[in-house]
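User: I am new to this structure and would like to learn how to read its strands and its core, step by step. Could we begin with the strands and then work inwards?

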Amino acid sequence: SAKTAAKLAKIGALLDDNGSSYYEFHAAAAAAGEDHAYVKGTGVFVRRAGPLAGGRFWQPDWDVDGHVCCWQHPAGLLVGCYLPTPTQKTRDAGKYKGQSQARVREDYDRHLKAMLLEHERRGELLAVLGDCNVTLALGSLDTTREFSGGEYSAGRHRFLSLIDDCKLRDEWRARNPDARRFTSFQQRGGDGGPRQARVDLALVPQRLASAVRRVEILDADGSFTSDNYEKALRSDHVPILLEMSV
């Protein structure tokens, strides 16, 4: 849509380094067409003069909500995610209207796992990046306030199984086994204060661990720090950075 195109252009301008480089913009659309009102619009920006230029953007046919997008390149496959949080909250539109976020997430985890297994068996997978909307470590390492409930716990165990079965590494945690850092900062007025969590992940195949140059949580961005929540200037999440040799 024109609205989505305008948003992409605005973000691209922030990335463009005063016009010295150029990006291709791609965003996942709703496979169900105009009837679908729950599109998340996960996207990917690729530098035209960069090492991943000349690839192909595609969206899985099972993803009717735009939660997952892919960039296929001879160097490998990049997968971008904005996955549903496994909660009791009910969707009010789209294919999953009337169903809980936990039920939607169960479907997405199953399809995503099958897709990643297929590409990793062919040695194609480079990385899975984005807001996975689940904490992986129990206790306080990944969050200031533990997410509770059977649906969330089931979602965590299911996603950990996905990581194990697809032979992936939570790259930031692998390099920082005892550090307490966060990527999501939300103010919840009704439950006693801020909730901070590390839900934005860079997952890399174990076979490519030596190709990772660095991975960082950019929690000094805007008003955010690793210890305090203040009113967001741009988002309630901060970026993560993954640098790999391809």
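User: How many residues lie between β4 and β5 in the hairpin that they form?

Analyst: Please keep in mind that this is a predicted model. To read a hairpin, one looks at two paired strands and at the residues that link them; here β4 and β5 form a hairpin with 2 residues between them. The two strands run antiparallel and are joined by 6 bridges, and one of the pairings sets Q72 against its bridge partner L77 in β5.

User: Which strand is joined to β4 by 3 bridges?

Analyst: That strand is β3, residues 56–58, which runs antiparallel to β4, and within this pairing the bridge partner of F57 is W71.

User: How should I read the two faces of β4, and are its residues buried or exposed?

Analyst: For the faces of a strand, one asks which way each residue points: V68, C70 and Q72 point one way from β4, while C69, W71 and H73 point the other way, and all of them are buried. The strand is accordingly described as mostly covered, with 6 of its 6 residues buried.

User: Why is β6 described as largely enclosed by the rest of the structure?

Analyst: The reasoning rests on burial, which here means under 20% relative accessible area. Because 6 of the 7 residues of β6 are buried, this strand is largely enclosed by the rest of the structure. On the β5 side, 6 bridges join β5 to β6 and the two strands run parallel, with L77 standing opposite L125 in β6. The chain passes from β5 through α2 to β6, and this β-α-β crossover is right-handed. With β10, in turn, β6 pairs in the antiparallel sense over 4 bridges, and the bridge partner of G130 in β10 is L201.

User: Which residues touch the most other members of the largest nonpolar core?

Analyst: To read a core, one looks for the residues with many partners inside it; of the 32 residues in the largest nonpolar core, those are V68, V79, L112, M115, L116, F159 and L168. At least two residues of this core come from each of β4, β5, α2, β6, α3 and β10, and α2 gives the most, with 6 residues.

User: What is L168 in contact with, leaving aside its neighbours within four places in sequence?

Analyst: On that basis, L168 is in contact with L116, L125, V128, L162, I163, L203, V204, P205 and Q206. Apart from the largest core lies another core, of 11 residues, and among them are W71, L208, A211 and V212.

Notes. Residues numbered from 1 in each chain as written. Predicted model: local features only at pLDDT ≥ 70, side-chain atom pairs only at ≥ 80, totals over all residues. Heavy atoms only, no water. Core = buried A, V, L, I, M, F, W, Y, C linked by side-chain atoms within 4.5 Å. Buried < 20%, exposed > 50% of the residue type's maximum accessible area, 1.4 Å probe, protein only. Contact = heavy atoms within 4.5 Å. Pairing = 2+ DSSP bridges. Right-handed = clockwise from strand over helix to strand, strands pointing away.
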